[in-house]
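Visitor: Could you take me on a close look at the place where the ligand sits? I would like to see what surrounds it and how the protein meets it.

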Amino acid sequence: MCGIFGYCGGKKASEILIEGLKRLEYRGYDSSGICVGNGSKFSVYKRVGKIKVLADTLPEKPFGHNGIAHTRWATHGGVTEANAHPHTDCNEKIAIVHNGIIENYQQLKDKLLVKGHKFKSETDSEVIAHLIEEVFNGDLTKAVKQVLPMLKGTYGLIAMHVDCPDVLVGARNGSPLILGIGNNEMFLASDVNAMVAYTKQVVYLNDKEIVTVTPDGFTTSDVQDNAIHKDITMVETDGESFDKQGYNHFMMKEIAEQTEAIKRGMVGRLNVDEATGHLGGLNMDNAQLLDVERIVLVAAGTSYYAGMTASYLIENLVRIPARVELASELRYKNIIVEKNTLYFVISQSGETADTLFALRELQRKGAHVLGICNAVGSTIARETDGGVYIHSGPEIAVASTKAFTSQLTALYIFTLLMARIRHLSFEQGKEFINAFNELPALIEEILSADDKIEQIADKYYKSQSFMFLGRGINYPVAMEGALKLKEISYIHAEGFGAGELKHGPIALINEQTPSFFLVPDDALRDKNISNMKEVKARGGKIIAVCTNGDDEVKEIADDVIEVPKIMPCFYPFLLVVPLQLFAYHCAVKLGRDVDQPRNLAKSVTVE
Ligand code: G6P
């Protein structure tokens with residue numbers, strides 16, 4: 001989704017801005033632009049399409065040492081150069097980049113039009129530049145502070161003015177903004193990844209905070225002009241992970257990295273001696289955890305399916321009710337926050353607007369909310385009352401893969417901890433840990449069968465529609481498999497609980513609609529086999545993902561992908577991998593933009 005980046009220092013700003021934008025590319029965008037201060041005027045360049053197109057249009061010669069840049073994911077107004085940021089005021093003296101949505105922009109714009117302002121775009125964002133123009137009186141920070149109370153909605157923004165050379169002013173409310181402190185140079189960005197190549201010293205801004213930046217310093221304050229003290233944090237993000245390291249796509253690299261990511265998520269968190277889990281970041285002791293009577297997991301997209309999987313495991317092993325809620329629904333449903341209930345928000349990016357606002361709504365109602373995040377220092381990670389970092393490493397491909405299995409890792413460890421506080425015996429805890437430790441090697445085994453999965457993809461990738469069916473704890477995996485396929489191949493796909501087949505989806509079965517069946521050797525295997533037979537009887541093609549050597553399944557299915565045997569509750573980790581690989585190969589064969597599929601964004605920072 002939209003990314004913003006600002007630079008102020010002694011180097012050639014255009015080069016640094018383009019580099020920063022490239023590091024925001026993975027979030028998904030449709031156009032981009034930069035504005036560089038150049039003496040008494042601005043130079044603005046905007047292009048539709050890839051950053052490379054923008055970079056190729058910039059002049060060679062240096063033209064300024066400060067500037068702002070943006071990757072846009074269209075919300076208000078089509079994908080055009082005019083709608084791309086930065087936006088300027090009537091006299092092109094003020095430039096802004098903005099993430100978020102200004103909900104009252106039409107009212108503001110109408111008033112500005114009456115006053116004679118000329119607009120160049122259809123965006124909501126452009127009003128900010130014109131509002132600053134209205135109130136500017138030599139001090140950019142003061143002007144921004146006058147404008148912010150007029151804005152209804154969300155923003156992460158950076159402004160610059162030709163009359164204030166070497167000054168950038170940033171502000172946030174609901175969209176992330178981070179300050180990077182370099183050596184006589186400063187950075188502002190919506191994503192720490194944009195600046196890690198230049199500095200590891202950052203300041204995370206909170207909502208309603210305003211920062212004024214010059215090459216050698218910064219000040220933070222609120223709209224009422226109260227100074228705000230900010231701590232400097234060292235980030236540990238590994239810049240090298242932005243390299244495909246020999247893979248054709250980030251997605252394939254990230255699928256392959258799952259074994260290592262799971263291992264990282266387990267380190268120090270499985271206590272073999274006590275056969276339990278250890279998660280220091282929860283900030284809750286065992287007595288407090290024992291008081292928990294209910295668990296609610298809140299998330300969006302792939303993270304939602306990780307939460308849904310965990311809800312099955314928690315109910316089964318912890319024996320307390322657990323349910324999952326879509327963040328986008330929860331925030332408006334006037335949810336009843338119950339006592340003795342533990343809430344989790346799950347988010348790879350830690351910036352998903354729906355999940356962030358659901359978190360705030362829950363906290364407003366007095367809930368205790370923990371986070372499961374990948375991005376260290378992200379807004380959700382900072383605002384939750386405790387939580388777990390999944391340590392997957394940066395996930396660049398828009399379609400989430402390794403974050404899913406890493407989220408499961410964290411949630412399974414939490415479940416073990418909770419279950420051992422209650423009914424799970426020492427012996428059962430040990431068996432659980434043994435199975436957990438087997439996972440990385442078993443996933444490696446599945447990855448080594450990639451050629452076979454590619455051949456199956458080759459047979460089916462021209463299909464118009466797919467069904468994904470699973471039961472119990474593997475039902476969310478079926479949903480995730482369908483999500484992966486539709487996200488990156490644009491093939492229509494739906495996930496269902498296999499038991500629901502007769503209640504509607506079976507009407508879709510014909511020879512052109514293949515069904516993926518998740519049919520491991522668990523307690524529901526025979527039920528799944530019955531459903532497979534129903535599909536077969538109606539001429540439907542079946543691709544089954546089953547346990548090694550399951551001859552009965554092999555006999556019914558048209559194609560089979562085998563996974564190794566494991567303790568049944570761990571099958572979600574194994575079954576999802578072939579589904580990720582299948583989606584990947586279909587997308588490649590269809591010539592899709594695998595890492596940055598159309599219309600999608602990695603980090604959905606607007607509603
Ligand atoms: C977007 C992404 C999905 C992701 C979802 C939730 O829709 O395209 O891949 O699963 O957001 O993201 P989060 O960062 O909160 O896990």
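Guide: Happy to! Let's begin with a single contact: an oxygen atom of the ligand lies 2.6 Å from an N or O atom in the side chain of Ser347. Please keep in mind that this is a predicted model, and every distance here is computed from it.

The backbone takes part as well. A polar backbone atom of Thr302 is 3.0 Å from an oxygen atom of the ligand, and a polar backbone atom of Val398 is 3.2 Å from an oxygen atom of the ligand. Taken alone, the ligand would expose 390 Å², and the protein buries 90% of that area.

Now step back to the shell around the ligand. It is made up of 14 residues, with Ser303, Ser347, Gln348, Ser349 and Thr352 as the closest. So Ser347, whose side chain offers the 2.6 Å contact, is also on the list of closest residues, given that the shell takes in residues with a heavy atom within 4 Å. By class, eight residues of the shell are polar, four are nonpolar and two are charged. Helix 9 is the top contributor here, giving three residues to the shell.

What space does the ligand take? It is the second largest pocket, which holds about 570 Å³. The lining of this pocket counts 26 residues, and those nearest its centre are Ala300, Gly301, Thr302, Glu487 and Val604. Thr302 is thus worth a second glance, since it is among the residues nearest the pocket centre and its backbone has a polar atom 3.0 Å from a ligand oxygen.

Which elements build the lining of the second largest pocket? At least two residues each come from helix 9 (301–317), strand 19 (341–347), helix 11 (353–364) and helix 16 (475–489). Helix 9 has the largest share of this lining, with five residues, and helix 9 also gives the most to the shell around the ligand. In character, the pocket lining has twelve nonpolar residues, ten polar ones and four charged ones.

One last stop, on the enclosed space in the model. There is one cavity of 30 Å³ or more, with a volume of about 80 Å³. Of the 13 residues lining this cavity, Arg72, Thr75, His85, Asp124 and Ser125 lie nearest its centre. Its lining divides into seven polar, four nonpolar and two charged residues.

Methods
Residues are numbered from 1 along each chain as its sequence is written. This is a predicted model: local features need pLDDT of at least 70, side-chain atom pairs count only at pLDDT 80 or more; totals for chains, interfaces and linings use all residues. Side-chain values use heavy atoms; hydrogens and water are left out. On a 1 Å grid over the protein atoms alone, a cavity is a set of points where a 1.4 Å probe fits but cannot get out, and a pocket is an open set with protein on both sides within 12 Å along at least five of seven lines; lining residues have an atom within 4 Å of a point. Grid points are joined across faces, edges and corners, and a volume is the space filled by probe spheres set on the points. Helices (H or I, at least four residues) and strands (E, at least two) are DSSP runs, numbered from the N terminus. Ala, Val, Leu, Ile, Met, Phe, Trp, Tyr, Cys and Pro count as nonpolar, Asp, Glu, Lys and Arg as charged, and the others, Gly among them, as polar. A polar contact is a pair of N or O atoms within 3.5 Å; within protein, one must be able to donate a hydrogen and the other to accept it, and residues adjacent in sequence count only if both atoms are side-chain atoms. Accessible areas come from the Shrake-Rupley method with a 1.4 Å probe; for residues, only the protein chains shown count as cover. A molecule sits in a cavity or pocket if more than half of its atoms lie within 2 Å of its grid points.
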